[in-house]
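Dear colleague,

I am passing on the structure we spoke about, and below it you will find my notes. Please read them with the model open beside you.

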Amino acid sequence: MEQLWLIFALLSAAAAALVAVFGKIGLQSLDANTATAIRAVIMAIFLIAVVAFQGNLKQIPVILADKRALAFIALSGIAGAVSWLFYFMALKFGKVSQVAPIDKLSVVIASLLAVILLGEKISLISSIGIALIAAGAILVTLG
């Protein structure tokens with residue numbers, strides 16, 4: 001159970017890879033923003049079904065009652081939507097093999113923001129890894 005986060009993170013990475021590939025195929029003759037909106041509706045329906053299946057629909061009023069949490073969840077949703085809009089636009093005009101690595105610079109940015117805004121500590125080894133992610137994204141894109 002201690003390493004459960006790693007399993008979910010790897011599954012997330014695999015699913016994200018499919019987003020890029022399926023998105024690129026689907027965008028061939030479509031407007032990227034409209035396709036992103038349709039994707040968001042499909043995701044919302046799917047996620048509501050998952051929450052209902054888990055029996056957690058009763059949690060919705062709890063979340064809605066916590067104004068601070070709701071505000072940050074809303075900001076996260078807006079940031080995610082903006083990210084998807086730019087990601088699908090990038091996929092429309094670029095290669096998956098270029099867009100996906102640049103998108104992974106989010107790891108570098110998120111790590112920096114976690115240090116600045118959340119006060120998280122990053123070890124020397126982690127800092128080297130983050131720098132390598134940045135270098136790797138740039139090298140893959142330029143290659």
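What span should the 27 residues of helix H4 (residues 67-93) have at 1.5 Å a residue, and how far apart are its end C-alpha atoms? The expected span is 39 Å, and the end C-alpha atoms of H4 are 39 Å apart, so the two values agree. Please keep in mind throughout that this is a predicted model.

The overall picture

The secondary structure of the protein chain comes to seven helices and zero strands, and from the N terminus on the elements run α-α-α-α-α-α-α. Taken along the principal axes, the C-alpha atoms fill a box of roughly 50 × 45 × 30 Å. Of the 143 residues of the chain, 13% count as buried, while the accessible surface comes to about 10,600 Å², with 78% of that area belonging to carbon and sulfur atoms. Among the contacts between residues at least 6 apart in sequence, 71% join residues at least 24 apart.

The domain assignment divides the chain into domain 1 (1-94) and domain 2 (96-142). The centres of domain 1 and domain 2, taken over C-alpha atoms, are separated by 21 Å, and seven residues of domain 1 are in contact with five residues of domain 2.

Helix H4

The buried residues of H4 are Tyr 87, Phe 88 and Leu 91, and the buried residues of this helix pack against helix H1 (4-26), helix H2 (32-54) and H5. Two other residues of H4 may be worth a look, namely Arg 68 and Ile 73. Is Arg 68 buried or exposed? Arg 68 has a relative accessibility of 61% and therefore counts as exposed, the cut-off for that class being over 50%. Ile 73, with a relative accessible area of 48%, is partly exposed. As for distances, the C-alpha atoms of Arg 68 and Asn 33 are separated by 29 Å, with these positions 35 residues apart along the chain counted as their separation, whereas those of Ile 73 and Ile 63, ten residues apart along the chain, are separated by 9.3 Å.

Helix H7

For helix H7 (residues 124-142) the same kind of check can be made: its 19 residues should span 27 Å at 1.5 Å a residue, and its end C-alpha atoms are 27 Å apart, which agrees. The buried residues of H7 are Ile 130, Ala 134 and Ala 137. They cover an arc of only 60° around the axis, which means that they sit on the same side of H7. The general geometry fits such an arrangement, because an α-helix has 3.6 residues a turn, so residues three or four places apart point the same way. What covers the buried residues of H7 includes helix H5 (96-103) and helix H6 (105-118). The face of H7 turned away from this buried side carries the exposed residues Leu 124, Ile 125, Leu 132, Leu 139 and Leu 142.

What the record says

In UniProt, an unreviewed entry gives the annotation "domain: EamA" for residues 4-141; in the model, this span is 87% helix and 0% strand, and its end C-alpha atoms lie 31 Å apart. For "transmembrane region", the unreviewed UniProt entry lists residues 36-57, 69-90, 102-119 and 124-142. Over residues 102-119 the chain is 89% helix and 0% strand, with end C-alpha atoms 25 Å apart, and over residues 124-142 the chain is 100% helix and 0% strand, with end C-alpha atoms 27 Å apart.

With best regards

Terms used:
Residues numbered from 1 in each chain as written. Predicted model: local features only at pLDDT ≥ 70, side-chain atom pairs only at ≥ 80, totals over all residues. Heavy atoms only, no water. Helix = DSSP H or I, 4+ residues; strand = E, 2+ residues; numbered from the N terminus. Expected span 1.5 Å × (residues − 1). Buried < 20%, exposed > 50% of the residue type's maximum accessible area, 1.4 Å probe, protein only. Arc of directions from axis to C-beta. Contact = heavy atoms within 4.5 Å. UniProt positions renumbered as here; feature names shortened; annotations may be inferred. Areas by Shrake-Rupley, 256 points an atom, 1.4 Å probe, with all protein chains shown as cover. Domains from an automatic or database assignment.
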